[in-house]
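Here are some short exercises to work through with the model open in your viewer. Try each task before you read the solution below it.

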Amino acid sequence: MGLFRKIIGAVLSLMLLVSQLYVLGGALDQRERAERLSRDIARLEPEVGQSKDFIALMQTRDTPAIRGQVNADYIDANFDLIMERVYLYLPQEAPRNIQPVGYMVREMSGKRFVFVALEYEFSDRWIIATITVEPTSGKQAVAGFNINTYTSSLFERTQFRLDGQSVEHYALLGLAVINLIFCAVTLFICIAAPRVRWRFVWIAVILLGVGLMSFNWLEGRMALNLLSANLPPSRFSLALYQPLIILLSIPLGAILFWMNFRKLTRA
């Protein structure tokens, strides 16, 4: 029975460690996920093709033709002024590369709306264009668009980097990893040790952290919420084209377990 508990404890502790360290390891290279997303978006036709054609049309600065592609319900008296501002950010040169970076399909009021985000690489800037396509009058029409300009690609801006960070970055990352290892070891001892009273209660308590500190690795911004909780006490959150978020809590359950270890295991 003791050997069985040790095996179960080792498996669960390793699962806790691997589940979070896998996320951290995946942050080092997301190119495969970016390529997979591009392939998924490429199958979203005809909306992707229409979005690219609409951006190409905007590059010609033919406002009347652009107006003809947009659903009239969303055009107001400021449309021409808005387009003049868009022309300031959108180069007329051919893009070096067009990379799909996001999409969303939503049903609203019985209509299907498709949001497509495309990243354009030009000689001196990157442009992220978000186009909203909806069906109207038996055809697909543009319901809205948004243009943002950047000095580097979205992948470069959000990629996780270990080098060149501040002491605060390394300290919080190290603290999160140590906290995770501490909880995993405590979980193993709780399961493997003989005669632990309220064993299953303590397993749940050990996995729960009190308070929550979130740290944005890209921006170096920290937020605290003392009334929140975290499961497990150290956790990493990562999504494609999003910065790594370190979620760190006080491992109060694990601390209390060690403070009461002798009482809990006393025959």
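**Exercise 1.** Locate Trp198, then decide from its accessibility whether this residue is buried or exposed.

*Solution.* Start with the place: Trp198 sits in the loop between α7 and α8 (199-206). A word on the source before going further: this is a predicted model. Next, check the backbone, where phi of Trp198 is near 55°, a positive value in a residue other than glycine. Finally, take the accessibility. The cut-off for exposed is over 50% relative accessible area, and Trp198 has 59%, so it counts as exposed.

**Exercise 2.** Repeat the analysis for Arg61: which loop holds this residue, and what is its relative accessible area?

*Solution.* Arg61 belongs to the loop between α3 (47-59) and α4 (63-69). Its phi is positive, about 60°, although Arg61 is not a glycine. Now for the area: partly exposed residues fall between the buried limit of under 20% and the exposed limit of over 50%. Arg61 has a relative accessible area of 36% and is therefore partly exposed.

**Exercise 3.** Work out the strand order of the open sheet, and explain why β6 and β7 each have one side without a neighbour in the sheet.

*Solution.* Four strands make up the open sheet, with antiparallel pairing and the order β6-β5-β8-β7. β6 (221-230) and β7 (234-237) are at the edges; each has a single partner strand, so one side of each lacks a neighbour in the sheet. From one strand to the next, the twist averages 20°.

**Exercise 4.** Follow β5 to its partner strands: how many bridges join β5 to β8, and how many pair β5 with β6?

*Solution.* Take β8 to begin with. β5 (residues 209-216) and β8 (residues 245-250) run antiparallel and are joined by five bridges. To find the register, note that Val210 has Ile250 as its bridge partner in β8, while Met213 stands opposite Leu248. Then turn to β6, which pairs with β5 in the antiparallel sense over seven bridges. On this side, Gly209 is opposite Asn230. The β5-β6 hairpin has four residues between the strands, and Gly220 takes a positive phi near 70° there. As for burial, six of the eight residues of β5 are buried, leaving the strand mostly covered.

**Exercise 5.** Find the helix that lies across the four strands, and find the cis peptide bond that ends at Pro232.

*Solution.* The helix is α7 (residues 167-192), which lies across β5, β6, β7 and β8 and runs at about 55° to β8. For the peptide bond, look in the loop between β6 and β7, where Pro232 lies. The bond from Leu231 to Pro232 is cis, and its omega is near -5°.

Conventions:
Residues numbered from 1 in each chain as written. Predicted model: local features only at pLDDT ≥ 70, side-chain atom pairs only at ≥ 80, totals over all residues. Heavy atoms only, no water. Pairing = 2+ DSSP bridges. Helix = DSSP H or I, 4+ residues; strand = E, 2+ residues; numbered from the N terminus. Axes fitted to C-alpha atoms, helices over the stretch in contact; angles between N-to-C directions. Contact = heavy atoms within 4.5 Å. Buried < 20%, exposed > 50% of the residue type's maximum accessible area, 1.4 Å probe, protein only.
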